[in-house]
Structures are given as structure tokens and as C-alpha cells.
Amino acid sequence: AEAQLRQIQKMEAVGQLTGGIAHDFNNMLAVVVGGLELAKRKLHNHAADAERHIDNAMEGANRAAALTRRLLAFARAEPLLPQAVSPDTLVTGMTDLMDRTLGERIQLAFETVPGLWPIWVDRHQLENAILNLAVNARDAMEHGGRLTIRTSNAVLAADEVGESPPGDYVRIDVSDTGAGMTPEILDRVFEPFFTTKPVGKGTGLGLSQIFGFVRQSGGEVAIASTPGAGTTVSLYLPRHHVYGTDLPETEETPTVADS
Ligand code: ADP
């Protein structure tokens with residue numbers, strides 16, 4: 001029944017927003033077609049101009065492709081493939097990727113605690129979620145800043161965060177020193193396709209996807225944000241109880257799909 005309810009909610013969300021997608025998609029295609037037309041005109045005498053127009057067209061096409069991939073991932077109830085994961089290992093494994101994503105003006109810091117619990121989660125989707133949060137943080141720190149990822153153990157009471165059942169969770173905070181959000185924006189961030197970013201840059205699917213994935217994994221998401229000071233997104237994921245010896249974690253290189 002709960003899965004059905006989720007499906008209904010998802011279909012409603014998809015239905016509501018089809019118009020928005022068509023609009024975004026048309027704008028992206030206009031960039032592609034316009035760029036190619038200009039390039040064709042400049043092909044013979046202005047090779048450098050032509051190249052620039054082709055680059056613009058390619059960028060538009062790539063954005064359109066990324067949007068469709070995200071839409072598909074959103075509409076298709078992607079099955080989760082959970083496994084035992086140690087969250088601090090997962091996060092430190094993403095350092096290179098994060099550095100490249102954040103650029104030079106954003107400092108990256110990682111804080112954890114000894115004895116951090118393992119969790120039972122789809123590791124690729126968790127990596128994607130963290131990367132998406134990092135991209136949002138970067139976009140909120142145009143003039144640079146600091147991104148801190150903090151992992152800790154958290155014992156939650158019932159409904160302490162969202163609708164959490166009481167119990168043990170691992171908390172993953174992704175904190176930035178960026179622009180922050182007004183209460184009005186904060187109120188809407190989990191709505192699919194809600195974005196304050198320019199057309200073509202934001203799809204508004206990042207946080208709604210993360211919310212869906214974390215809830216499906218038995219966890220909760222909380223956001224604290226102060227305009228002008230920064231934002232902390234906290235993911236709570238249920239503790240995985242390991243009986244016996246070491247955590248049988250399979251080591252993999254993190255692979256992360258488009259953001
Ligand atoms: P997108 O990033 O494509 O806009 P999201 O669902 O990830 O989609 O985010 C929705 C909106 O929430 C963003 O457009 C932005 O206004 C706001 N937001 C998300 N993360 C942050 C952040 N770290 N700092 C400030 N605003 C944020």
C-alpha cells in the first residue's frame with residue numbers, strides 16, 4: 001500500500017509538471033537549432049565564429065540529454081540495490097570527484113567520528129545524492145566558500161526528523177557557506193521541478209530525487225538554511241546492524257551519473 005501511495009504521488013508530480021518540462025526542453029532545442037543555423041552561415045569565412053556556435057549548440061544538446069536522463073530516472077521507479085556501506089569511506093572515496101566539481105574557490109572539508117555506524121543503502125544512489133548536494137552548494141557559492149561534509153551517529157526519537165521511526169541513524173551533513181534560502185524557497189525545495197536557477201541550468205529535480213531515494217531507504221532529509229550565511233542539508237540513513245566480524249563491504253570506485 002505504501003509503495004502504491006508513492007507511485008500515485010510520483011505520477012501526480014510528473015503529471016503536474018509536464019508543461020514545465022516541455023517548456024525547458026523547447027528552450028534547449030532552440031539553443032541547439034539556433035546555434036547550428038548560425039554555424040552554417042559562418043562556416044566558410046568565419047571558422048572561429050562557426051566553432052563557437054557549434055559549441056553552444058552542443059552544450060544545449062547535452063543539457064537536453066541530461067534533463068531527459070533525469071526525467072527517466074525520476075519516472076522509472078529505479079530499484080534500489082542496497083548493501084552494507086561505511087559512510088565515511090564512501091565520502092572520502094569521492095574526494096577527487098568533489099574537488100573537480102567544486103573548482104578552486106571552494107574549500108572542501110570532511111569531518112567524522114570514530115565508531116561511525118555502517119548503513120544499508122544503495123551506494124551509487126547515495127554517491128549521486130551527495131554529488132547533487134555538492135553541486136547545489138557550489139551554485140550557492142558563486143564567490144567561493146567552504147563545503148563541509150560531516151558524518152556522525154544519531155539516535156532519533158519518533159518524528160524527531162520528518163516521520164522518522166525512533167532508532168539509530170547515521171547523519172550525513174552537507175554544509176555550505178553560500179547564499180542560503182528564504183523561508184519561501186526552503187518551503188518548496190522538495191517539489192519536483194522547483195528551481196530558482198536559469199532555464200537550462202537547473203531542472204529542479206535534484207532535491208526531490210534525493211528526498212525520494214532517502215525515504216525509500218528508510219531515512220529522512222532535513223534542511224537548515226540562513227539567507228546570506230549558508231545551508232546544511234542533513235541526510236539520516238538507518239543504521240545497519242552488523243553481527244559478527246568486520247563489515248563485508250565491497251570496494252568499488254565511485255561512479256556517478258550526471259547531476
Ligand atoms: P536545481 O538545483 O536543479 O534547481 P534542486 O531540487 O536540487 O534543483 O534545488 C531546488 C532549489 O533549491 C534550487 O534552485 C535553489 O534555489 C535551492 N537550493 C538547493 N540547494 C541549495 C543550497 N545549498 N543553497 C541555496 N539554495 C539551494
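In strand β7, Asp 176 finds its bridge partner in Thr 231. This pair belongs to a set of 8 bridges that join β5 to β7, two strands that run antiparallel. The model in which these pairs appear is a predicted one, and the pairing of β5 with β7 offers a convenient point of entry into it.

The sheet may be taken next. Its 5 strands form an open sheet in the order β2-β4-β5-β7-β6, with mixed pairing. At the edges stand β2 (106-111) and β6 (220-226), each of which pairs on one side only. From one strand to the next, the twist averages 15°. Strands of a sheet pair through backbone hydrogen bonds, in either a parallel or an antiparallel sense.

Two further pairings can be followed residue by residue. Strand β4 (residues 145-156) runs antiparallel to strand β5 (residues 167-176), and 10 bridges join the two. Within this pairing, Val 155 has Asp 168 of β5 as its bridge partner. The loop between β4 and β5 contains Asp 159. Phi of Asp 159 is near 60°, which is a positive value in a residue other than glycine. Asp 159 counts as exposed because 11 other C-beta atoms lie within 10 Å, and a residue is exposed at 12 or fewer.

On the other side of β5 in the strand order comes β7, followed by β6. Strands β6 and β7 pair in the antiparallel sense over 7 bridges, and Val 221 stands opposite Leu 235 in β7. The hairpin of β6 and β7 has 3 residues between the strands, and in this hairpin Gly 228 takes a positive phi near 85°. Strand β7 is mostly covered, with 7 of its 9 residues buried.

A helix accompanies these two strands. Helix α7 lies across β6 and β7 (230-238), running at about 140° to β6. How far is α7 enclosed by the rest of the structure? Helix α7 is largely enclosed, because 9 of its 11 residues are buried. Among the buried residues of α7 are Leu 207, Ile 210, Phe 211, Phe 213 and Val 214, together with Gly 206 and Gly 212. Just after α7, Gly 218 takes a positive phi of about 85°.

Helix and strand residues come together in the nonpolar interior. The largest nonpolar core has 35 residues, and those with the most contacts inside it are Ile 130, Ala 134, Val 174, Leu 235 and Leu 237. At least two residues of this core come from each of α3 (87-92), α4 (95-102), β3 (119-121), α5, β4, β5, α7 and β7. Helix α5 gives the most to this core, with 7 residues. Ala 134 illustrates how distant parts of the sequence meet: leaving aside its neighbours within four places in sequence, Ala 134 is in contact with Met 98, Thr 101, Leu 102, Leu 147 and Val 174.

Attention may now turn to the ligand. Which elements each supply at least two residues of the shell around the ligand? These are α5 (123-140) and α7 (206-216). In total, 22 residues surround the ligand, and the closest are Asn 136, Ala 140, Thr 195, Gly 202 and Gly 206. By class, the shell comprises 9 nonpolar, 11 polar and 2 charged residues. Gly 206, one of the closest residues to the ligand, is also one of the buried residues of α7.

In contrast to this buried glycine, a proline in another helix is exposed. Pro 183 is found in helix α6 (residues 183-186). Pro 183 counts as exposed because there are 8 C-beta neighbours inside 10 Å. Computed along the sequence, Pro 183 and Glu 111 are 72 residues apart, and in space they are 28 Å apart, C-alpha to C-alpha.

The chain may finally be considered as a whole. Its secondary structure comes to 7 helices and 7 strands. Along the sequence these elements follow the pattern α-α-β-α-α-β-β-α-β-β-α-α-β-β. Of the 259 residues of the chain, 31% count as buried. Among contacts with a separation of 6 or more, 74% are accounted for by residues 24 or more positions apart.

Conventions: Residues are numbered from 1 along each chain as its sequence is written. This is a predicted model: local features need pLDDT of at least 70, side-chain atom pairs count only at pLDDT 80 or more; totals for chains, interfaces and linings use all residues. A residue is near a molecule or strand if its C-beta atom, placed from the backbone, lies within 6 Å of it. Helices (H or I, at least four residues) and strands (E, at least two) are DSSP runs, numbered from the N terminus. Ala, Val, Leu, Ile, Met, Phe, Trp, Tyr, Cys and Pro count as nonpolar, Asp, Glu, Lys and Arg as charged, and the others, Gly among them, as polar. Two strands pair if DSSP finds at least two bridges between them. Axes are lines fitted to C-alpha atoms, for helices over the stretch in contact, and angles run from 0 to 180 degrees between N-to-C directions. Two residues are in contact if their C-beta atoms, placed from the backbone, lie within 7 Å. A nonpolar core is a set of buried Ala, Val, Leu, Ile, Met, Phe, Trp, Tyr and Cys residues joined through C-beta atoms within 7 Å. A residue is buried if 20 or more other C-beta atoms lie within 10 Å of its own, exposed if 12 or fewer, and partly exposed in between; C-beta atoms are placed from the backbone.
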